[in-house]
Amino acid sequence: MVEIGCLACSKIIKLPQYIDTEKYDGQVVCEECNSLLYIKLVKGKVEKFKIVENKRKPDIKITLGILKSIVFRRSMHRFKMRVKYNL
Ligand SMILES: [Zn+2]
């Protein structure tokens, strides 16, 4: 059985029964994120694999987490500067 990770969400895509892993050239949809992918399989190996349509929603929590850490680092820097120069 061929296991491939989705290029958009990196979850393992379960290939549908009708797909012949010995010879397949076409599209698959990731069940996790609904992204449309193009895959070419030859003798059970992935020859080509690319995203046709990325339907993955951007992870808002991660984005907010990154923004918060940037703001935190900046305020820490300002705080240190204040201590240093006794402002
Ligand atoms: Zn996916």
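**Reading the sheet, the core and two odd phi angles**

Guide: Let's start with strand 3 and strand 4, which pair in the antiparallel sense over seven bridges. Bear in mind that this is a predicted model.

Visitor: Okay, how do I read that pairing? In strand 4, which residue is the bridge partner of Asp 25?

Guide: The general idea is that strands of a sheet pair through backbone hydrogen bonds, either parallel or antiparallel. Here, Asp 25 has Lys 40 of strand 4 as its bridge partner.

Visitor: And what is the bridge partner of Lys 40 in strand 5?

Guide: On that side, Lys 40 is matched with Lys 48. Strand 4 and strand 5 run antiparallel too, joined by seven bridges.

Visitor: So what is the strand order of the whole sheet?

Guide: You're looking at an open sheet of three strands, ordered 3-4-5, with antiparallel pairing. Strand 3 (23-29) and strand 5 (45-53) each have a single partner strand and stand at the edges, so each has one side without a neighbour in the sheet. If you ignore direction, neighbouring strands here are turned by 15° against each other on average.

Visitor: Let's go to the side chains. Which residues make up the largest nonpolar core?

Guide: For the general picture, side chains in a regular strand alternate between the two faces of the sheet. In this model, the largest nonpolar core has seven residues: Cys 6, Ile 13, Val 28, Cys 30, Leu 37, Ile 39 and Leu 41. Strand 4 (residues 36-42) gives the most to this core, with three residues.

Visitor: Take Val 28, then. Leaving aside neighbours within four places in sequence, which residues is Val 28 in contact with?

Guide: With those set aside, Val 28 is in contact with Ile 13, Leu 15, Leu 37 and Ile 39.

Visitor: Now the backbone. What should I make of a positive phi?

Guide: As a rule, most residues other than glycine have a negative phi. Ser 10 is not a glycine, yet has a positive phi of about 65°. You'll find Ser 10 in the loop between strand 1 (4-5) and strand 2 (12-13).

Visitor: Why does Ser 10 count as exposed?

Guide: Because Ser 10 has 11 C-beta neighbours inside 10 Å, and 12 or fewer is the cut-off for exposed.

Visitor: And which residue takes a positive phi in the hairpin of strand 4 and strand 5?

Guide: That's Lys 43, with a phi near 50°, in a hairpin that has two residues between the strands. Lys 43 isn't a glycine either. Lys 43 counts as exposed because it has 8 C-beta neighbours inside 10 Å.

Definitions and conventions: Residues are numbered from 1 along each chain as its sequence is written. This is a predicted model: local features need pLDDT of at least 70, side-chain atom pairs count only at pLDDT 80 or more; totals for chains, interfaces and linings use all residues. A nonpolar core is a set of buried Ala, Val, Leu, Ile, Met, Phe, Trp, Tyr and Cys residues joined through C-beta atoms within 7 Å. A residue is buried if 20 or more other C-beta atoms lie within 10 Å of its own, exposed if 12 or fewer, and partly exposed in between; C-beta atoms are placed from the backbone. Helices (H or I, at least four residues) and strands (E, at least two) are DSSP runs, numbered from the N terminus. Two residues are in contact if their C-beta atoms, placed from the backbone, lie within 7 Å. Two strands pair if DSSP finds at least two bridges between them. Axes are lines fitted to C-alpha atoms, for helices over the stretch in contact, and angles run from 0 to 180 degrees between N-to-C directions.
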